[in-house]
Amino acid sequence: MKRRLAARRSRLTRLLGTGQLAAAVVALAVAGSILLAYQFLMLQRALVGDVSVHAAIIADNIAAPLMFQDRDAAGEMLRSFHLDPTLMEIVAYDLQGKPFAAYRRDKGAQDGAWMAPLVITRQVMYQGRPLGRVRLVADTAGIRDGLLGYGTLLALAFLGALLSSGLVSRKIRSRVAKAERELAYLAYTDPVTDLPNRRASNEALDAMLAQSREGGQRAGVLLIDLDNFKVVNDTAGHDAGDQLLRQVAAVLRDHVREGDLVARIGGDEFIVVGGALRGAGELETLANRSLAALRCPIQLEGTEFFA
């Protein structure tokens with residue numbers, strides 16, 4: 001019976017701990033995915049904005065070289081953007097779509113990239129008249145590096161959150177386990193004598209009867225009622241009555257066999273459940289031994305009482 005009670009007490013604790021951990025992991029995974037997606041969009045938007053500004057500046061400044069067919073001036077102006085590491089390629093095209101001037105960075109910067117480069121195209125205009133277009137190709141490694149750094153910070157933050165959640169969950173499980181033990185004590189134990197109560201004795205009797213049927217043996221029940229309990233309560237008070245119950249419980253526990261159950265099932269009523277009996281004679285011997293022990297006087301506050 002104790003193993004069954006322990007299993008009942010621990011089941012809710014295990015479920016609570018597993019459920020809290022799973023909920024925390026799912027919540028952190030969802031939050032992390034949303035934050036990473038948002039960070040990706042912000043980094044991509046920033047890169048598009050920066051490259052678009054470069055495209056507008058180049059389109060304004062390359063209009064004169066295109067108009068006067070000054071390739072050297074156009075090339076020099078494009079090379080002035082080498083300080084921006086994200087720009088991999090800048091090509092200016094004339095109205096016929098032929099390359100007019102170009103600047104290209106070492107392509108090794110984009111080798112092994114996890115996403116395609118960003119391409120921005122802008123027309124070159126002068127007083128409303130098209131002169132050509134410029135095409136900018138930007139490296140997206142910055143987005144990757146930004147996401148890696150942000151993901152690392154998120155992972156560290158989430159690890160701290162999981163550790164904190166684990167500590168809180170452990171404390172909650174400890175409190176729940178303590179509450180379960182207290183509830184089990186109240187449900188199956190008589191608080192005065194610390195003996196099993198009526199519910200516990202009924203379950204123990206059912207279990208012993210089942211074991212006896214399987215093993216071909218017998219189980220027996222002794223019902224014990226105290227004759228002078230009311231007298232003790234009326235003359236010595238309820239504290240003395242509780243003390244009498246505790247002493248009777250101790251006497252019964254000391255005079256039953258190992259494996260027998262002693263329980264208090266009422267105000268002055270006790271029950272002894274004996275299992276694995278070979279016959280009625282063994283139950284009679286158990287009854288006589290218990291009654292003989294209870295016939296001895298019990299000392300309560302300097303006065304002798306008989307149960």
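In which helix is the place of S201? S201 sits in helix α5, residues 198-215, and the views below start there. A word on the model first: it is predicted, with local features needing pLDDT of at least 70 and side-chain atom pairs counted only at pLDDT 80 or more, while totals for chains, interfaces and linings use all residues. Residues are numbered from 1 along each chain as its sequence is written, and side-chain values use heavy atoms, leaving out hydrogens and water.

**View 1. S201 of helix α5 and its contacts.** S201 counts as buried because its relative accessibility is 2%; buried means under 20% relative accessible area, exposed over 50%, and partly exposed in between (1.4 Å probe, protein chains only). Leaving aside residues up to four places away in sequence, S201 touches L261, A263, I265 and I271, where contact means heavy atoms within 4.5 Å. Helices here (H or I, at least four residues) and strands (E, at least two) are DSSP runs, numbered from the N terminus.

**View 2. The open sheet β5-β7-β6.** Three strands with antiparallel pairing make up this sheet; two strands pair if DSSP finds at least two bridges between them. At the edges are β5 (218-225) and β6 (261-264), each pairing on one side only. Neighbouring strands are turned by 20° against each other on average, direction ignored. Between β5 and β7 (residues 269-277) there are seven bridges, and L222 has V272 in β7 as its bridge partner. Helix α7 (residues 238-254) packs on the sheet, touching β5, β6 and β7, and its direction makes about 10° with that of β7. Helix α8 (residues 280-294) lies across β5 and β7, at about 25° to β5. For these angles, axes are lines fitted to C-alpha atoms, for helices over the stretch in contact, and angles run from 0 to 180 degrees between N-to-C directions.

**View 3. The open sheet β2-β1-β4-β3.** Here four strands pair in antiparallel fashion. The edge strands, each paired on one side only, are β2 (99-104) and β3 (118-126). From one strand to the next, the twist averages 15°. Strand β1 (residues 87-94) is joined to β2 by five bridges, and A92 stands opposite A101 in β2. Lying across β1 and β2 is helix α3 (residues 71-79), which runs at about 30° to β2.

**View 4. Two loop residues with positive phi, Q69 and Q127.** As a reminder, most residues other than glycine have a negative phi. Q69 has a phi near 55° and lies in the loop between α2 (63-68) and α3. With 49% relative accessibility, Q69 counts as partly exposed. For Q127, phi is near 50°; this residue lies in the loop between β3 and β4 (129-138). Q127 counts as exposed because its relative accessibility is 72%.

**View 5. V231 in helix α6.** Helix α6 spans residues 229-236. V231 is partly exposed, with a relative accessible area of 44%. Its C-alpha atom is separated by 8.9 Å from that of G241, 10 residues apart along the chain.
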